[in-house]
Structures are given as structure tokens and as C-alpha cells.
Amino acid sequence: MKSIITSITLLLLSTMNFCEDINARSLDSQLAEAGFVAVNKADTTIAVRLMYAGDDNFTGVQLYDDVTDAYLHPDAARAVIKASEELHRLYPAYNLLIKDAARPMSVQRRMFDAVKGTPKANYVANPAKGGGLHNYGLAVDITIVDERGNELPMGTPVDHLGKEANIDQEESMVRDGIISETERQNRLLLRRVMTAAGFKPLRTEWWHFNFVSKSQAQAAYRLLNF
């Protein structure tokens, strides 16, 4: 009996140590080990300012503290690099700026918990329902910066919640003075380079682009369930 108890104790300690090792590893290292690509390292012209690495975002809380690069599934990473090349062909001085990329489910849960019970929850994929394409590394929040690194004016900041961020009423918003024609053209430029690379825009967020549909992701890709 004593030997059995000793064996169980050692097993529990081993499991605890394993869990501590997993928890100690940064999201950077976990994403890399999962085979995801730091797209800003593959194309060093692509800038990264992860908006959830601080609390200046629509949730009001910091969600990342141990990831600094923008990781994507290799398929989506290649497409972003293609979009970057198309942007440089059209405007050599401009660069893409990624504000969020692959998002593990642990982060998705923290995001949803931060807005649960508020109107903001409508903008966050429910982790209990499988999350969204960020959780597969197949969606990216992205914009364009000029030669000085300043974001081009797009009518709203990235992460703005409201109709001003919609892409299907931009002409009428220009007529109504909600956004300017320059801002509309900048949005069109972003959509042009991203769709040329195979991404699809999201109607309610000018900065959000999906590489595949949710059903395609569920059928052929792995959820970042850590």
C-alpha cells in the first residue's frame, strides 16, 4: 500500500511540474512550437503593434503580456506577405501594420469574460461556441502605415465599435461627413491588397480580414486550444 501511495504521489508531482512548465512557457514559444509563423520576422517590412498587449483597446484590459510578434498559420502568413508585396508595388513607402493575429483560446476566454453581459460581447466570438478565426491563426487585424510609421487615416481607429467602422456604407458616410474621401480611399487600398492575397473582409470591421471561412477552418485546421 505504501508503495502505491508513493507512486501516486510521484505521479501527481510529475503532472504538476509538467503543468507548471506549460504555464511558464510564453505564448510566443507555444505558437512557434505549434508551427505558426511570426509573419513580421518572415517579412521585416511588416510592423506589429499588438493592441491587446496593453489596456488601450475596446475591452479596457491587457490580454497579452508574453507575445510580441504577430503569429499566423503558415497559409495565412504567406498570404499577408503577398499582400505586403502588392502594397509595396502600389506604394513603395507604405507598410502593413498588424494589430492582432493568432489568438489562443485562453486569451479568447479572457477577452469574452471582459465584455460578457455588455453590448461589446456582440463583437467577440464566444469561446463556448468554438471561438473565431483568430483562434486558428487564420484572421488578422491589420492596417497601413506611412513611411514615418504613422497609421493612415481610416475614419476610425482599429477596434472601433460602431457603424462608422462598417465597410458597406462608406460612400454614404462620405456624403454625410462621417468619414472623408481620403479615409475611404485608404480603406479601399487596404481591401485591395488584402483581397488580392486571398483574404476576405469583414463587413463590420474595416481592419479585420479572414483567410478562410469558419467551416473551412473547423474542417481542415487546428484550433489553438491552449
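Let's start with a pair of charged side chains: E86 and R89 meet in a salt bridge, 2.8 Å from N to O. A salt bridge here is a side-chain nitrogen of Lys or Arg within 4 Å of a carboxyl oxygen of Asp or Glu. Both residues lie in helix 4 (residues 74-90), three residues apart, about one turn of the helix. Helices (H or I, at least four residues) and strands (E, at least two) are DSSP runs, numbered from the N terminus.

Before going on, keep in mind that this is a predicted model, where local features need pLDDT of at least 70 and side-chain atom pairs count only at pLDDT 80 or more, while totals for chains, interfaces and linings use all residues. Residues are numbered from 1 along each chain as its sequence is written, and side-chain values use heavy atoms, with hydrogens and water left out.

**Charged pairs**

Side chains of opposite charge can pair when their charged atoms come close. By the salt-bridge rule, the count for this model comes to 13. Here are three of those pairs.

| Pair | Closest N to O |
|---|---|
| E86 and R89 | 2.8 Å |
| K41 and D69 | 3.3 Å |
| E170 and R187 | 3.1 Å |

How do these residues sit, buried or exposed? Buried means under 20% relative accessible area, exposed over 50%, and partly exposed in between (1.4 Å probe, protein chains only). In the helix 4 pair, E86 counts as buried at 19%, whereas R89 is exposed at 54%.

The bridge between K41 and D69 has N and O atoms 3.3 Å apart. K41 lies in helix 3 (residues 39-42) and D69 in the loop between strand 2 (47-48) and strand 3 (71-72), so this pair ties together parts that are 28 residues apart in sequence. K41 is exposed, at 56% relative accessibility, but D69 is buried, at 12%.

E170 and R187 form another bridge, with the closest N and O atoms 3.1 Å apart. That pair links distant parts of the chain, 17 residues apart: E170 is in helix 6 (residues 170-175) and R187 in helix 7 (residues 181-196). Both ends are tucked away, with E170 buried at 4% and R187 buried at 1%. Elsewhere, salt bridges that share partners join R49, K99 and E151 into one network.

**Helix 7 and its surroundings**

Back to the helix that holds R187. Helix 7 has 16 residues and reaches 22 Å from its first C-alpha to its last, close to the 22 Å expected at 1.5 Å a residue (the expected span is 1.5 Å times one less than the number of residues). Its buried residues include E183, R184, L189, L190 and M194. What do the buried residues of helix 7 pack against? Their partners are helix 4, helix 6, strand 4 (95-100), strand 5 (139-145), strand 6 (200-202) and strand 7 (205-210). After the helix comes G198, whose phi is positive, near 110 degrees.

Strand 7 is home to W207, which is buried with a relative accessible area of 1%. Not counting residues up to four places away in sequence, W207 touches V140, D141, I142, T156, P157, V158, D159, H160, A165 and L190 (contact means heavy atoms within 4.5 Å). The C-alpha atoms of W207 and D100 are 10.0 Å apart, though 107 residues separate them along the chain.

D159, one of the residues touched by W207, is found in the loop between strand 5 and helix 6. D159 has a positive phi, near 85 degrees, in a residue other than glycine. D159 is also buried, at 11%.

**A buried glutamine**

Q108 lies in helix 5 (residues 105-115) and is buried, with a relative accessible area of 1%. What does the side chain of Q108 reach at 2.8 Å? It is the backbone oxygen of A125. The Q108 side chain also makes a polar contact with the side chain of N135, at 3.1 Å. A polar contact is a pair of N or O atoms within 3.5 Å; within protein, one must be able to donate a hydrogen and the other to accept it, and residues adjacent in sequence count only if both atoms are side-chain atoms. Leaving aside neighbours within four places in sequence, Q108 is in contact with R103, V124, A125, P127 and N135.
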